[in-house]
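Visitor: Please choose one part of this structure and go through it closely. Give the cut-offs behind each term as you use it.

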Amino acid sequence: MSPSFINFSSFKKDEINVLIDQAFDLKSRFYHNKLDLYKKVTNPATAALLFFEPSTRTRFSFETACVRAGIHPLVIDGLQGTSLEKGETFEDTILSLEAMRPLFFVVRAPDGFDMLEISKLVKTPILNAGWGKRSHPTQALLDAATLIEDWGSDLAGKRLLFLGDIKHSRVVQSHLELAQILGYHVGFCAPENFLPDFDQRTHTPIALFSNLKNGLEWADAVVALRIQKERHQEIDLDLQKYRETFGLNQESLKQFKTDGLILHPGPVNYGIEIEKSVTKDPRSRILQLVENGVFIRESLIRQILTGLNISGI
Ligand code: CP
């Protein structure tokens with residue numbers, strides 16, 4: 001595994017499985033009160049969490065995971081109050097922070113921040129916490145872990161339907177990579193103007209649905225996506241029409257198998273992509289995703305520490 005985690009390009013299936021298994025082990029220990037894991041939280045090691053775009057779940061779960069792994073998270077939350085406001089570049093920001101010797105960076109950044117290039121400038125590992133429209137690999141991992149936890153099997157041959165604003169979804173981009181490693185099938189269900197421009201032939205094969213009923217009948221799990229209004233300058237949006245045609249509600253979910261699972265990475269636009277009542281549907285795993293996000297990120301952090309030959313934290 002490369003020291004940084006920007007995408008899945010250097011991962012093999014057994015490495016993903018180790019990460020997920022370790023996350024389940026951490027979860028089991030956490031809920032069985034074996035908190036001896038956390039007794040050594042006196043270590044002065046730090047991690048630099050740089051969130052240049054808004055976040056609730058990812059930021060808080062990385063912070064929680066750092067604390068549980070015995071590392072003090074130091075957070076930059078937005079550009080405000082940093083020297084980026086004075087025109088300093090992302091590159092100089094990262095180089096300056098690296099001089100203070102955090103064990104690793106966790107970075108959420110817009111497309112314009114070249115995470116891959118910056119990872120070559122620094123020796124400190126960078127963990128991608130959501131990069132513009134490009135990728136969000138830890139979200140894909142925690143989605144996969146949550147499905148595996150429920151189904152009790154690996155995801156080979158399973159069918160994941162992505163519903164909605166696929167064009168702007170970094171989560172989908174990471175799933176296209178992870179699907180090739182774990183062997184699950186990907187479907188897209190969206191109006192034409194929510195579909196991405198990329199050439200599908202360069203990615204994993206994709207089942208396309210313009211009709212929600214057909215998509216739900218095909219799927220083992222449906223991942224509803226937030227309509228990213230902030231990224232929609234170029235799209236003419238009719239939210240009411242979208243809700244009626246592609247929204248998940250008790251009526252549309254009658255077409256979905258009784259043992260199917262409903263995911264949403266959050267935050268949710270209730271009344272657009274999902275009705276609030278769907279969160280009470282026994283097939284919904286929306287909050288379990290958030291719960292598992294901590295364990296997946298802690299597992300990743302512990303892997304990074306092992307790679308850095310740091311033990312005993
Ligand atoms: N799923 C996700 O990345 O949520 P946040 O933007 O709240 O971190």
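**The second largest cavity and its surroundings**

Guide: The second largest cavity holds about 30 Å³ of space. Its lining consists of A23, F24, K27, A145, N292, F295 and I296. Two elements, α1 and α9, each give two or more residues to this lining. By class, the lining has 5 nonpolar residues, 1 polar and 1 charged.

The model is predicted, so local features need pLDDT of at least 70 and side-chain atom pairs count only at pLDDT 80 or more, while totals for chains, interfaces and linings use all residues. Residues are numbered from 1 along each chain as its sequence is written, and side-chain values use heavy atoms, leaving out hydrogens and water.

The terms are as follows. On a 1 Å grid over the protein atoms alone, a cavity is a set of points where a 1.4 Å probe fits but cannot get out; a pocket is an open set with protein on both sides within 12 Å along at least five of seven lines; lining residues have an atom within 4 Å of a point. Points are joined across faces, edges and corners, and a volume is the space filled by probe spheres set on them. Ala, Val, Leu, Ile, Met, Phe, Trp, Tyr, Cys and Pro are nonpolar, Asp, Glu, Lys and Arg are charged, and the others, Gly among them, are polar. Helices (H or I, at least four residues) and strands (E, at least two) are DSSP runs numbered from the N terminus.

One lining residue, F295, also takes part in an aromatic pair. The structure holds 12 such pairs (ring centres of Phe, Tyr or Trp, the last by its six-membered ring, within 6.5 Å; planes under 30 degrees apart are stacked, over 60 edge-to-face, the rest tilted). Y31 and F295 make a tilted one, at 6.2 Å centre to centre and 55° between the planes. Because Y31 lies in helix α1 (residues 13–31) and F295 in helix α9, the pair ties together parts that are 264 residues apart in sequence. F295 is buried at a relative accessible area of 3%, whereas Y31 is partly exposed at 47%; buried means under 20%, exposed over 50% and partly exposed in between, with a 1.4 Å probe and protein chains only.

Helix α9 (residues 286–307) appears again in the nonpolar core. The largest core (buried Ala, Val, Leu, Ile, Met, Phe, Trp, Tyr and Cys joined through side-chain atoms within 4.5 Å) has 80 residues, and F104, L248 and I301 have the most contacts inside it. Helix α9 supplies the largest share of this core, with 8 residues. A second, separate core has 17 residues, including I6, L50, I94 and V122. F104 has contacts (heavy atoms within 4.5 Å) with residues including I301, I304 and L305, not counting residues up to four places away in sequence. In soluble globular proteins, nonpolar side chains tend to be buried together.

Next come the other spaces. The search of the whole structure finds 2 cavities of 30 Å³ or more. The largest has a volume of about 70 Å³, and its lining is R57, T58, S61, Q139, L142, H264, P265, L289, V290, G293 and R297. Helix α9 gives the most to it, with 4 residues; α2, α5 (137–151) and α9 each supply at least two. This lining divides into 4 nonpolar, 5 polar and 2 charged residues.

Among the pockets, the largest contains about 450 Å³ of space. Its lining has 21 residues, with R108, R170, R226, G266 and P267 lying nearest the centre. Both α2 (57–68) and α6 (170–182) supply at least two residues of that lining, which divides into 5 nonpolar, 8 polar and 8 charged residues. The peptide bond from G266 to P267 is cis, with omega near -5°, and P267 sits in the loop between β9 (261–263) and α9. The second largest pocket contains about 180 Å³. It is lined by 10 residues, and P191, N193, D238, K241 and Y242 lie nearest its centre.
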